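Hi there,

Here is the structure I promised to pass on to you. Please open it first, and then read on for my notes.

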Amino acid sequence: MKGTEMFSLEGKTALVTGAAYGIGFAIAEAFAAAGAKIAFNCRSREHMEKALEDYAAKGIDAKGYLCDVTDEKQVQEMVADIEKEVGVIDILVNNAGIIKRIPMTEMKAEEFREVIDIDLNAPFIVSKAVLPGMIKKGHGKIINVCSMMSELGRETVSAYAAAKGGLKMLTKNIASEYGEYNIQCNGIGPGYIATPQTAPLREKQPDGSRHPFDQFIVSKTPQARWGTPEDLMGPAVFLASGASDFVNGHILYVDGGILAYIGKQP
Ligand code: NAP
Ligand code: GCO
């Protein structure tokens with residue numbers, strides 16, 4: 001492979017979970033631009049219909065599947081349908097995820113479990129469903145969407161940090177267990193990205209000033225800005241392409257330098 005060929009996804013089938021909007025949508029858009037056929041899922045019919053319009057508006061013939069990634073039967077049926085309608089999955093991005101921002105002493109056990117179920121159990125369930133096809137094909141790429149909270153904690157996000165920390169180790173374990181089948185499993189660790197998930201952290205204050213957390217994150221980011229879903233496009237294509245065929249078990253942080261930075265002196 002030479003030049004840009006090594007970043008081509010021509011003829012590959014990609015499943016991006018939770019890609020109705022946000023980070024997943026941007027990753028799917030980037031994969032399509034690199035030549036991949038796109039399958040995606042979400043739970044809400046309303047989100048699905050809007051997403052299909054949005055993909056079509058960008059000239060992307062994405063196939064959408066209503067599927068809750070925590071439900072193993074639904075996932076197995078979705079993967080079988082994708083294999084029939086699009087192709088055997090070459091690239092999986094475990095992107096679907098939620099967060100609940102609740103102080104641990106106030107968080108109900110079922111709220112903790114729901115976050116773990118979607119952010120950690122589901123990547124196991126979906127990866128388990130696609131691995132047999134990848135093994136049969138003799139290659140595969142699994143990309144788990146991790147987080148700053150795969151490395152750091154903060155107030156009110158105990159369940160999310162536990163899930164994303166676990167997802168980092170699940171990534172390393174899939175890499176260890178299936179590397180011999182020419183399957184690479186890596187993580188992508190976005191910093192603070194402007195999507196619906198982080199909208200509450202960026203809301204303008206009643207007096208029109210910026211949210212304190214918005215100001216905090218910008219001060220903790222060497223590039224002094226929030227990331228955008230578009231910032232993740234190139235790194236995701238790299239991890240999905242032949243350019244990363246000997247990268248395995250790595251978490252690629254796309255955070256503008258947050259993890260490298262102690263923070264500006266007040
Ligand atoms: P988002 O805007 O809230 O989008 C989440 C997507 O996941 C939606 O399409 C949602 O659609 C889907 N989803 C949620 N639960 C699902 C389930 N059980 N089954 C199927 N689909 C489900 O989130 P985002 O900001 O794009 O984040 C995407 C991923 O990046 C998440 O894993 C998040 O933890 C991670 N991340 C985000 C940031 C950030 O700053 N935004 C940074 C680091 C990591 P439905 O509700 O219709 O199902
Ligand atoms: C939060 C944010 C973060 C980001 C992201 C950082 O409340 O701290 O939602 O968790 O979503 O995961 O990488």
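Which atom of Ser147 lies 2.7 Å from an oxygen atom of ligand 2? A polar side-chain atom does.

Before the rest, a word on conventions. This is a predicted model, in which local features need pLDDT of at least 70 and side-chain atom pairs count only at pLDDT 80 or more, while totals for chains, interfaces and linings use all residues. Residues are numbered from 1 along each chain as its sequence is written, chains are lettered from A and ligands numbered from 1 in the order in which they are written, and side-chain values use heavy atoms, with hydrogens and water left out.

**Ligand 2**

Ser147 is also among the residues that come nearest to ligand 2, along with Arg101, Arg154, Tyr160 and Gln197, out of 14 around the ligand (near: a heavy atom within 4 Å). Two backbone contacts can be added (polar contact: a pair of N or O atoms within 3.5 Å). A polar backbone atom of Met148 is 2.8 Å from an oxygen atom of ligand 2, and a backbone N or O atom of Pro190 lies 2.9 Å from an oxygen atom of the ligand. Taken alone, ligand 2 exposes 330 Å², and the protein buries 97% of that (Shrake-Rupley areas, 1.4 Å probe). The shell around ligand 2 has 8 nonpolar, 4 polar and 2 charged residues (Asp, Glu, Lys and Arg count as charged, and Gly as polar).

**Ligand 1**

Around ligand 1 there are 30 residues, and Arg43, His47, Asn95, Tyr160 and Thr195 come nearest. On the polar side, a side-chain atom of Lys164 lies 2.9 Å from an oxygen atom of ligand 1. Backbone N or O atoms also lie by ligand oxygens: 3.0 Å away for Gly18 and 3.2 Å away for Ser44. Ligand 1 taken alone exposes 890 Å², of which the protein buries 95%. Helix H1 (22-33), strand S2 (37-42) and helix H5 (158-178) are the elements that give two or more residues to its shell (DSSP runs, at least four residues for a helix and at least two for a strand). By class, that shell divides into 16 nonpolar, 11 polar and 3 charged residues.

**The pocket**

Where does ligand 1 sit? Its place is the largest pocket, and ligand 2 sits in the largest pocket too (sitting: more than half of the atoms within 2 Å of its grid points; pocket: an open set on a 1 Å grid over the protein atoms alone where a 1.4 Å probe fits, with protein on both sides within 12 Å along at least five of seven lines, and lining residues having an atom within 4 Å of a point). About 840 Å³ of space lies in this pocket (the volume filled by probe spheres set on the points). Of its 40 lining residues, Asn95, Ala96, Gly97, Ile98 and Gln197 are the closest to the centre.

Best wishes

Conventions. A polar contact is a pair of N or O atoms within 3.5 Å; within protein, one must be able to donate a hydrogen and the other to accept it, and residues adjacent in sequence count only if both atoms are side-chain atoms.
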